[in-house]
Amino acid sequence: MKKILAVILTVLLCSCSSPSSTAPQSSAEDGRVTIAVIQLLTHGSLDEDYQGFLDGLKEAGYEEGKNLEIIYQNPEGDQSNLATMADAVVAKDPDLIVAIATPPAQAVQQALESAGKSIPVLGTAITSYTETGLAETDERPGLGISGVSDNCPMDLQLMLAQQIVPELKTLGILYTSSEANSQIQAEQMEEVCAAAGVQTLVKTVSDKTMIDDTMQSFIGNVEALYIPTDNNIASAMGSVDIVATENKLPVVVGVSAMCADGGLVALGVDYYVLGKVTAEMAVEVLNGKDVSEMPIRYGSSGTIYYNPRTAENLGITLPDNILSDGIDVTAE
Ligand code: TRP
């Protein structure tokens, strides 16, 4: 017994002292690093990503209040606040800026350009770096920004919709016109639908107040609806859910959090894991690696999620393979 205790104690002591023995090489003179984080808004996936990031940093020996200062900003989706915050963060000259979702990454890119500064930037939960002008190529980003992408294979997302509605003729696609991340996914979905002989009906909203009417306009014209990882709609899934339930319209979404908020099924990545991968990259950057040379990293090719409550409301029996391979978003 004593021996076991001693072993446990040694392990504990080792792990306690490990942060100083593997002391992160700080880029700041006083041994502390400052990381500015801009998260577009508060919603399930982005929150999970940020938590994974903080936990990942902690595991690597960076702890808030000790050797790490985090400047956290969240404009709750407000574009003009976002621009102001990006300018403010750039003015503080942190060692690293982390942007959670596409709009903050674009805002930071602009703020750096107008200030004529180059502070390393990592993005996380970003659909595409190359198609939004954040990077030249995935292998060699080249523009001072690298990071992690949450893009999932679109052909698999269509297959998921077809498993729900085998006779799928027309798939509706809904997204927010100002979100480049969503437009990219919508175009990818149109492409794979065209290749599979499925028609598409694409509609956009410019803000949340339009969701209800736009949802109504799909009814009777599509057999299923696809909504990508759209920040604006993710925070208003309640409006989507009401119309979908009333009209028994299956909604396939790009992420588990939107499935939990009323979507029927999703193929999505684990955002907590994305955050951890982002932390790994952050440590490399803080140790002097050039972001422009760090390839973009991807999450997994996606996990199936399903919402049995939505299925029940829609009167849909989910296929066995979705039930056996997928994760029940209500089971937590
Ligand atoms: N991929 C989105 C972007 O590039 C951000 C995002 C991640 C997201 N997870 C989400 C949006 C879930 C809505 C729902 O901006």
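**Exercise 1. Find the strands that pair with strand 10, and say in which sense each pair runs.**

Step 1. Strand 10 pairs with strand 12 (residues 303-306) in the antiparallel sense, over four bridges. Two strands pair here if DSSP finds at least two bridges between them. Strands are DSSP runs of E with at least two residues and helices are runs of H or I with at least four residues, both numbered from the N terminus.

Step 2. Now pick out a residue: Leu267 stands opposite Ile304 in strand 12.

Step 3. Strand 9 (residues 251-253) runs parallel to strand 10, and two bridges join them. Val253 has Ala266 as its bridge partner in strand 10.

Step 4. Look at the side chains of strand 10 (residues 265-268): Val265 and Leu267 point one way, Ala266 and Gly268 the other way, and all are buried. Buried means under 20% relative accessible area, exposed means over 50%, and partly exposed lies in between (1.4 Å probe, protein chains only).

A word on the model before you go on. It is a predicted model, in which local features need pLDDT of at least 70 and side-chain atom pairs count only at pLDDT 80 or more, while totals for chains, interfaces and linings use all residues. Residues are numbered from 1 along each chain as its sequence is written, and side-chain values use heavy atoms, with hydrogens and water left out.

**Exercise 2. Give the strand order of the six-stranded open sheet and name its edges.**

Step 1. The order is 2-1-3-4-5-11, with parallel pairing.

Step 2. Strand 2 (68-73) and strand 11 (297-298) are the edge strands, as each pairs on one side only.

Step 3. Zoom in on one pair: strand 4 (residues 121-126) and strand 5 (residues 145-149) are parallel and share four bridges. Within this pair, Val121 has Ile145 of strand 5 as its bridge partner.

**Exercise 3. Work out which parts of the chain are tied together by the salt bridges of Lys276 and Arg140.**

Step 1. Start with the idea: side chains of opposite charge can pair when their charged atoms come close. A salt bridge is a side-chain nitrogen of Lys or Arg within 4 Å of a carboxyl oxygen of Asp or Glu, and the whole structure holds seven.

Step 2. Lys276 bridges to Glu59, with the closest N and O atoms 2.8 Å apart. Because Lys276 sits in helix 11 (residues 271-286) and Glu59 in helix 2, the pair ties together parts that are 217 residues apart in sequence. Lys276 is partly exposed at 24% relative accessibility, whereas Glu59 is exposed at 60%.

Step 3. Turn to Arg140, which is partly exposed at 40%. Its bridge to Glu136 has closest N and O atoms 3.8 Å apart, and the one between Arg140 and Glu293 is 3.3 Å, N to O. Glu293 lies in the loop between helix 11 and strand 11 and Arg140 in the loop between strand 4 and strand 5, so this pair links parts 153 residues apart in sequence.

Step 4. Put the two together: through shared partners, Glu136, Arg140 and Glu293 form one network.

**Exercise 4. Locate Asp207 and judge its exposure.**

Step 1. Asp207 is in the loop between strand 7 (199-205) and helix 7 (211-218).

Step 2. With 33% relative accessibility, Asp207 counts as partly exposed.

Step 3. Tyr175 is 32 residues away along the chain, and its C-alpha atom is separated from that of Asp207 by 9.9 Å.
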